[in-house]
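I opened the notebook today to look up charge pairs, the main pocket and a few single positions in one chain. My entries follow in the order in which I checked them.

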Amino acid sequence: LIGKFVFSFSPHSSRLILDRECAHVVPDGISAEDAMFFPSVETALSLVHDANVRIGEKVAIYGQGLIGLLVTSILSLTNIGSGDFGTITVFDMLKDRLACASMMGASEALLPTQAGQAGPFDVSIEISGNGKALQSAIDFTSSGGRIILGSWYGNKDITLKLGIDFHRSHKTIITSQVSEIPAALTALWNKERRFNLTWELLRIILPSRLISKTVTLDEAQVAYESLDRG
């Protein structure tokens with residue numbers, strides 16, 4: 001590995017010591033700026049696998065932060081947002097994110113208040129971290145449809161209305177988490193295969209184009225505070 005360009009799932013630091021098997025050689029032609037998005041692209045790929053979108057289905061994505069934008073991009077690669085084979089409708093509160101979503105392949109990029117008019121959807125992917133968005137995903141998914149829950153709510157309590165309409169709807173809520181391959185896919189997929197596809201997606205998506213500003217590690221705290229303020 002001496003002289004090789006590698007990636008690892010490690011905390012932010014200038015130097016680190018890690019086991020050999022934790023160092024993943026970055027394929028030729030992938031820049032450091034794109035390679036650092038590896039965990040995020042793998043997470044987005046895992047969400048897309050769990051959603052199992054079929055040609056012709058209408059997809060809603062709630063939240064167009066980094067993961068949401070990458071989910072939009074991966075789905076658009078399948079032509080599911082072309083209109084002929086299905087649609088990808090995304091929702092976010094921030095207009096800059098909606099503009100990025102259109103660039104990444106969304107069919108429609110709308111404010112959350114427009115979800116009722118845009119739906120219903122066959123598949124809804126919720127990655128906003130906002131309980132109201134999860135409620136919208138449930139409310140505006142068709143009976144028999146699928147809601148993919150990718151948000152991390154931690155210890156936060158979420159209140160949902162799951163009354164008679166939901167009870168009779170036969171909707172399926174699926175939790176999605178990237179750490180392991182879902183049981184339904186283990187006959188065909190393993191982490192190595194998903195890693196290899198993630199590298200190829202990095203070549204195509206070029207997520208570094210989403211970078212708006214770079215800071216040094218010493219400036220990280222200031223950057224986090226700036227993000228927290230919006």
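**Salt bridges**

I looked first at K191 and found that K191 forms a salt bridge with E42, with 2.8 Å between the closest N and O atoms. I note here that the model is a predicted one, and I read every value below with that in mind. The K191–E42 pair links distant parts of the chain, since K191 sits in helix α8 (residues 191–205) and E42 in helix α2, 149 residues apart.

I then asked how buried or exposed the two partners are. K191 has a relative accessibility of 28% and counts as partly exposed, whereas E42, at 3%, counts as buried.

I went on to the second partner of E42, which is R194; in this salt bridge the closest N and O atoms are 3.1 Å apart. Because E42 lies in helix α2 and R194 in helix α8, this pair ties together parts that are 152 residues apart in sequence. R194 has a relative accessible area of 1%, so I entered R194 as buried, the cut-off being under 20%. Taken together, E42, K191 and R194 are linked in a network of salt bridges.

I also looked up E57, which forms a salt bridge with R54, the closest N and O atoms being 3.6 Å apart. In this pair E57 is buried, with a relative accessible area of 12%, while R54, at 43% relative accessibility, counts as partly exposed. For the whole model I wrote down a count of six salt bridges. As a reminder to myself, side chains of opposite charge can pair when their charged atoms come close.

**The largest pocket**

I turned next to open space, and noted for the largest pocket a volume of about 2,400 Å³. Which residues lie nearest the centre of this pocket? They are H12, M36, F37, I211 and K213, out of a lining of 49 residues. The elements that give two or more residues to this lining are β1 (6–7), α1 (32–35), α2 (38–51), α3 (66–77), α4 (95–103) and α9 (220–228). The largest share of the lining comes from α9, with seven residues. By residue class, I recorded the lining of the largest pocket as 27 nonpolar, 13 polar and nine charged residues.

**A nonpolar surface patch**

I looked up the outer surface as well and found a nonpolar patch of about 220 Å², made by L1, V6 and V25. V25 belongs to strand β2 (residues 24–25). With a relative accessible area of 40%, V25 is partly exposed, because that value lies between the 20% and 50% cut-offs.

**G119**

My last entry concerns G119, which I located in the loop between α5 (115–118) and β6 (121–126). Why does G119 count as buried? G119 has a relative accessible area of 19%, and buried means under 20%, so G119 is entered as buried. I also checked G119 against R203, which is 84 residues away along the chain, and noted a separation of 33 Å between their C-alpha atoms.

Note on methods. Residues are numbered from 1 along each chain as its sequence is written. This is a predicted model: local features need pLDDT of at least 70, side-chain atom pairs count only at pLDDT 80 or more; totals for chains, interfaces and linings use all residues. Side-chain values use heavy atoms; hydrogens and water are left out. On a 1 Å grid over the protein atoms alone, a cavity is a set of points where a 1.4 Å probe fits but cannot get out, and a pocket is an open set with protein on both sides within 12 Å along at least five of seven lines; lining residues have an atom within 4 Å of a point. Grid points are joined across faces, edges and corners, and a volume is the space filled by probe spheres set on the points. Helices (H or I, at least four residues) and strands (E, at least two) are DSSP runs, numbered from the N terminus. Ala, Val, Leu, Ile, Met, Phe, Trp, Tyr, Cys and Pro count as nonpolar, Asp, Glu, Lys and Arg as charged, and the others, Gly among them, as polar. Patches are made of residues with over 30% relative accessible area and no salt bridge: like charges are joined within 9 Å, nonpolar side chains (Val, Leu, Ile, Met, Phe, Trp, Tyr) within 5 Å. Accessible areas come from the Shrake-Rupley method with a 1.4 Å probe; for residues, only the protein chains shown count as cover. A salt bridge is a side-chain nitrogen of Lys or Arg within 4 Å of a carboxyl oxygen of Asp or Glu. Buried means under 20% relative accessible area, exposed over 50%, partly exposed in between (1.4 Å probe, protein chains only).
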